[in-house]
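Trainee: Before the terms are applied, may I ask that each label be set against its criterion?

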Amino acid sequence: MKIIAVYSAYIWVGLLHAFFIGTCLYAWARVWLVGKGWIGAFCVALFALAFFETYWIPVFGYFGLHLTIHDAILQASFGITSQDNVVPYLTPKWWNIVFWFLQAGLALRIAYFLKKR
């Protein structure tokens with residue numbers, strides 16, 4: 001159950017980022033939402049979402065911060081110990097990139113929804 005909670009939290013944060021980027025696109029880039037400008041808006045959303053999902057990894061490395069998991073069930077499922085720094089394990093994988101594309105599409109839909117209102 002805890003593993004489902006971890007992945008649910010990741011999806012929830014991703015949806016919050018998509019909502020934030022969608023509202024920012026609506027507020028600051030309404031011109032891109034007209035005609036063929038949606039490609040530029042999608043690319044900006046994709047870049048912003050990739051940034052929000054990864055900016056903290058080099059920051060943690062630069063400052064020497066460590067993130068550990070002390071729950072035995074989560075340690076067993078991810079194959080780590082309580083002393084392991086999990087930040088290197090959280091670098092983007094292919095499924096993260098697919099999720100960024102889904103988030104960018106959702107952000108664009110949110111921006112268009114707000115524009116239509």
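The exchange below takes up confidence, helices, burial, contacts and charge in turn.

Trainee: What kind of model is this, and how are its residues numbered?

Mentor: This is a predicted model, in which residues are numbered from 1 along each chain as its sequence is written. Local features need pLDDT of at least 70, side-chain atom pairs count only at pLDDT 80 or more, totals for chains, interfaces and linings use all residues, and side-chain values use heavy atoms, with hydrogens and water left out.

Trainee: What is the mean pLDDT of the protein chain, and where is confidence lowest and highest?

Mentor: pLDDT is the predictor's confidence in each residue, from 0 to 100. The mean for the protein chain is 88, and 99% of its residues reach 70 or more. Confidence is lowest in helix α4 (residues 72–78), at a mean of 86, and highest in helix α5 (residues 94–116), at 92. Where pLDDT is low, the predicted coordinates should not be read in detail.

Trainee: How do you know that the length of α2 agrees with the expected span?

Mentor: Helices are DSSP runs of H or I with at least four residues, numbered from the N terminus. The expected span is 1.5 Å times one less than the number of residues. The 17 residues of α2 should therefore span 24 Å, and the end C-alpha atoms of α2 are 24 Å apart, which agrees. For α1, with 27 residues, the first and last C-alpha atoms are 39 Å apart, close to the 39 Å expected.

Trainee: Why is A45 called buried?

Mentor: Buried means under 20% relative accessible area, exposed over 50%, and partly exposed in between, with a 1.4 Å probe and protein chains only. A45, in helix α2, has 0% relative accessibility and therefore counts as buried.

Trainee: Why is L46 buried or exposed by that criterion, and what of G79?

Mentor: L46 has a relative accessible area of 19%, so L46 is buried. G79, in the loop between α4 and α5, has 60% and is therefore exposed.

Trainee: What makes a residue a contact of A45 or of L46?

Mentor: Contact means heavy atoms within 4.5 Å. Not counting residues up to four places away in sequence, A45 touches I21, L25, A104 and A107. With that exclusion, L46 touches W100, F101 and A104. The C-alpha atoms of L46 and L108, 62 residues apart in sequence, are 9.8 Å apart in space.

Trainee: What makes a set of residues a nonpolar core, and which members of the largest one touch the most others?

Mentor: A nonpolar core is a set of buried Ala, Val, Leu, Ile, Met, Phe, Trp, Tyr and Cys residues joined through side-chain atoms within 4.5 Å. The largest has 16 residues, of which I21, L25, A45, A104 and L108 touch the most other members. At least two residues of this core come from each of α1 (2–28), α2 and α5, and α2 gives the most, with seven.

Trainee: What do the buried residues of α2 pack against?

Mentor: They pack against α1, α3 (56–63) and α5. Among these buried residues are F42, L49 and E53.

Trainee: How do you know that E53 has no salt bridge?

Mentor: Lys and Arg count as positive and Asp and Glu as negative, while His and the chain ends are not counted. A salt bridge is a side-chain nitrogen of Lys or Arg within 4 Å of a carboxyl oxygen of Asp or Glu. E53 is buried, and the nearest side chain of opposite charge, K93, is 12 Å away; E53 has no salt bridge. Beyond four places in sequence, E53 touches Y10, G14, H17, W100 and Q103.
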